[in-house]
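Colleague: I've just opened this one and don't know my way around yet. Can you walk me through it?

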Amino acid sequence: MPTSQTGDTRLDAFFTAAPAGLAILDRELRYVQLNETLALMNGRPVSEHLGKPVREVLPAIAATLEPLLQGILDTGEPVLNIELSGETPAQPGVTRYWRASYFPLAARGRRGKNGAGIGAIVVEDTPRRHAERALRRSGADYRAIVEQATYGIYRSSLEGRFLKVNPALVAMLGYDSEAQVLALELDRDVYVEPGERARAIKTAMGLDRITGTEVQWKRKDGHRIMVRLSGRVVKSENGDIKGFEMIAEDVTEQRTLERALQQAQKMETIGRLTSGIAHDFNNLLTVILAQSNLIAKALPGERPAELRRDLDELTDAARRGAELVHRLLGFSRHEVLDVRPLSAAEWVQEELHTLRRLLPATIEIKCDAEPEAGVVEADAGALEQILLNLATNARDAMPNGGTLHLDVRRTRLDAEDRPLHAWVEPGTYVCIAVSDTGLGMDATTQARVFEPFFTTKPAGVGTGLGMAMAYGLVKQHKGFVHLYSEVGQGTTVKVYLPLALEEQVPDDARAAGAEEMLPGGDESILLVEDDLHLRTVAQRLFEKVGYRVHTAADGAEGLAAYGARASEIDLVITDMVMPKVSGFMLYEAIRRKQGSGKPVKILFTSGYPAPDFRESLAGDPDVAFVTKPWTASELLRQIRSLLEKP
């Protein structure tokens with residue numbers, strides 16, 4: 001009769017104490033002997049196992065287990081260290097896992113397949129399998145976090161090679177694949193200044209973690225970015241640095257905004273100081289003017305001509321001082337404005353007469369004002385001061401004559417415009433652009449152009465307050481002003497005033513100022529722009545809205561790129577003024593290449609109006625023009641308009 005005891009004291013003790021489940025089955029696969037460990041695994045007492053077949057004790061796994069055991073009896077070959085899974089009476093509905101070994105038992109005088117039965121050793125594997133699954137899930141979660149992170153994450157060696165990078169870092173550096181980034185040398189290909197990495201490593205020698213270190217990297221296209229690094233220094237058991245595990249955050253735009261804020265704060269501080277000085281100065285001038293008037297009345301009628309001339313000069317100087325105070329108050333935004341609804345397009349058209357009297361005959365005035373541009377809340381007198389100051393500066397920049405171009409249209413500024421228009425509030429604006437074909441400004445002059453008393457004119461010519469006053473008055477209207485200039489080509493100043501009222505306009509015109517998704521597409525664009533910053537910003541913008549973008553750094557490179565991809569290019573966007581080959585020369589070369597075939601669409605961008613250029617291309621329906629500095633919405637709308645033309 002089956003039993004759980006062998007009669008051998010030591011063997012029984014082994015059966016009882018063994019941490020694994022032990023059992024002996026006869027040739028009919030019935031339990032002959034087993035220990036308490038296996039009985040607990042199966043969820044039934046030892047007594048309910050003895051003499052019963054596997055099918056009755058473990059019905060849920062019998063279909064798998066019985067053929068395996070029968071095979072051992074038939075062949076006499078063991079089956080060792082296999083994995084089994086299934087349900088048991090101990091935990092119905094719960095899948096459990098075991099590792100088991102089954103082997104034939106030799107009967108006295110018989111061997112192999114004629115043995116007495118089967119021996120079984122079973123080890124519970126469920127906890128390990130659950131732990132393994134949790135570890136895999138945890139690893140997958142970790143990988144997902146790294147792969148989907150918006151910050152760049154990487155591991156690098158001390159020697160300066162990337163060992164592992166996530167997709168965000170690949171995108172940050174402007175490459176197409178992880179393999180391309182892994183092939184880079186950090187000193188040569190990533191850091192702007194190779195020695196900067198060596199200095200950072202020297203600083204990290206005594207640290208375990210690096211927090212908020214800012215370095216300058218360069219993208220594949222050469223564009224420089226400011227990157228903040230934080231992470232862990234990987235060290236050997238001896239404390240030697242082996243490498244770095246870092247998070248890289250592109251803070252270029254953030255730093256640009258901070259500089260814009262600092263500039264705004266500086267201008268605000270200067271404005272408050274100016275206001276205080278102007279107030280006190282105004283009081284002094286009031287006294288001087290009043291006293292000079294009293295003196296003039298008190299003097300006898302036959303006063304000497306010399307005394308009369310001196311008194312007139314004193315009064316005239318005081319009045320010029322009062323005018324200067326008026327300008328200072330305009331810059332400091334303490335001038336009281338008489339704000340009323342004003343149609344921007346109509347107002348600019350009316351101001352053309354004043355401008356023609358102000359400017360010499362050698363300067364041609366052209367105006368392109370959209371009637372549906374909209375209405376702004378503005379002080380007409382203050383707006384006239386802004387326009388006259390900009391026109392005066394344009395006149396002085398064109399001593400030998402040129403063209404002044406006025407452009408009025410409705411546009412929208414969005415968060416996507418901040419790389420170029422750093423400190424803007426998203427919304428719909430009326431843009432008044434004043435462009436000239438004059439001498440232009442270098443970067444140093446552009447950085448200081450709105451500061452009070454800054455001037456590039458000779459001593460005694462001008463006060464240096466014209467642009468500062470324009471800046472202050474625009475700010476007082478809750479607007480923004482942006483300047484773009486190219487040395488030797490000209491300057492464009494764009495004044496953005498918040499849209500107050502919409503006039504009755506066609507639906508398609510109204511859509512230009514509506515708050516909507518930025519328009520995009522899947523066409524292929526060739527972008528030709530010699531300014532690296534503008535090229536990078538435009539490329540990112542186009543790719544964000546779905547376009548496929550190829551770039552070129554000048555006209556010659558653009559012509560070569562077009563020749564290589566002519567069949568797939570839907571639109572060429574080119575700057576007008578570039579080294580080697582200009583935008584117009586590129587246009588002519590492309591048209592010659594195309595011959596009588598369907599012409600590719602071409603969109604020109606430039607920082608000055610180029611009226612003759614516009615007129616020369618007026619007969620080409622596949623050409624359009626956008627004035628720099630453009631906004632994201634107006635550039636993308638012009639692209640869609642051009643691409644959708646039949």
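Colleague: Let me start small: in β7, which residue is the bridge partner of Ser-156?

Modeller: That's Phe-162. Before we go on, this is a predicted model: local features need pLDDT of at least 70, side-chain atom pairs count only at pLDDT 80 or more, and totals for chains, interfaces and linings use all residues. Residues are numbered from 1 along each chain as its sequence is written, and side-chain values use heavy atoms, with hydrogens and water left out.

Colleague: OK, and what counts as a strand, or as a pair of strands?

Modeller: Strands (E, at least two residues) and helices (H or I, at least four) are DSSP runs, numbered from the N terminus. Two strands pair if DSSP finds at least two bridges between them.

Colleague: How many bridges do β6 and β7 have?

Modeller: There are 3, in the antiparallel sense, with β7 covering residues 162-165. The two strands form a hairpin with 4 residues between them, and Gly-160 in the turn has a positive phi of about 105 degrees.

Colleague: Which strand order does the whole sheet have?

Modeller: The order is β7-β6-β10-β9-β8, an open sheet of 5 strands with antiparallel pairing. At the edges sit β7 and β8 (209-218), each pairing on one side only. From one strand to the next, the twist averages 30 degrees. That angle is taken between the N-to-C directions of axes, on a scale from 0 to 180 degrees, where axes are lines fitted to C-alpha atoms, for helices over the stretch in contact.

Colleague: What about β10, who does it pair with?

Modeller: On one hand β6 (residues 152-157), over 6 antiparallel bridges; Gly-152 stands opposite Ala-248 there, and Ile-153 faces Ile-247. Then there's β9 (residues 224-235), joined to β10 by 9 bridges, also antiparallel. Ile-247 turns up again here, as the bridge partner of Ser-230. The β9 and β10 hairpin has 5 residues between the strands, and Gly-239 takes a positive phi near 90 degrees.

Colleague: Switching topic: how many residues are in the largest nonpolar core?

Modeller: 44, with Leu-355, Ile-386, Leu-404 and Val-408 having the most contacts inside it. By nonpolar core I mean buried Ala, Val, Leu, Ile, Met, Phe, Trp, Tyr and Cys residues joined through side-chain atoms within 4.5 Å. Buried is under 20% relative accessible area, exposed is over 50%, and partly exposed is in between (1.4 Å probe, protein chains only). Helix α13 (residues 380-397) gives this core its largest share, 7 residues. There's also a second, separate core of 26 residues, including Val-165 and Trp-217.

Colleague: Which helix does α13 cross, and how?

Modeller: Helix α15 (residues 466-476): the axes come within 9 Å and cross at roughly 145 degrees. Residues that meet there include Ile-386 and Leu-390 in α13, and Met-469 and Leu-473 in α15; contact means heavy atoms within 4.5 Å.

Colleague: One last thing, Asp-554. Is that buried or exposed?

Modeller: Asp-554 counts as buried because its relative accessibility is 9%. It lies in the loop between β19 (548-552) and α18 (555-565).

Colleague: What does its side chain reach?

Modeller: The Asp-554 side chain reaches the backbone nitrogen of Ala-556 at 3.1 Å and that of Glu-557 at 2.7 Å. Not counting residues up to four places away in sequence, Asp-554 also touches Val-528, Met-578, Pro-579 and Lys-580.

Key
Polar contact = N/O pair within 3.5 Å; in protein donor to acceptor, adjacent residues only side chain to side chain.
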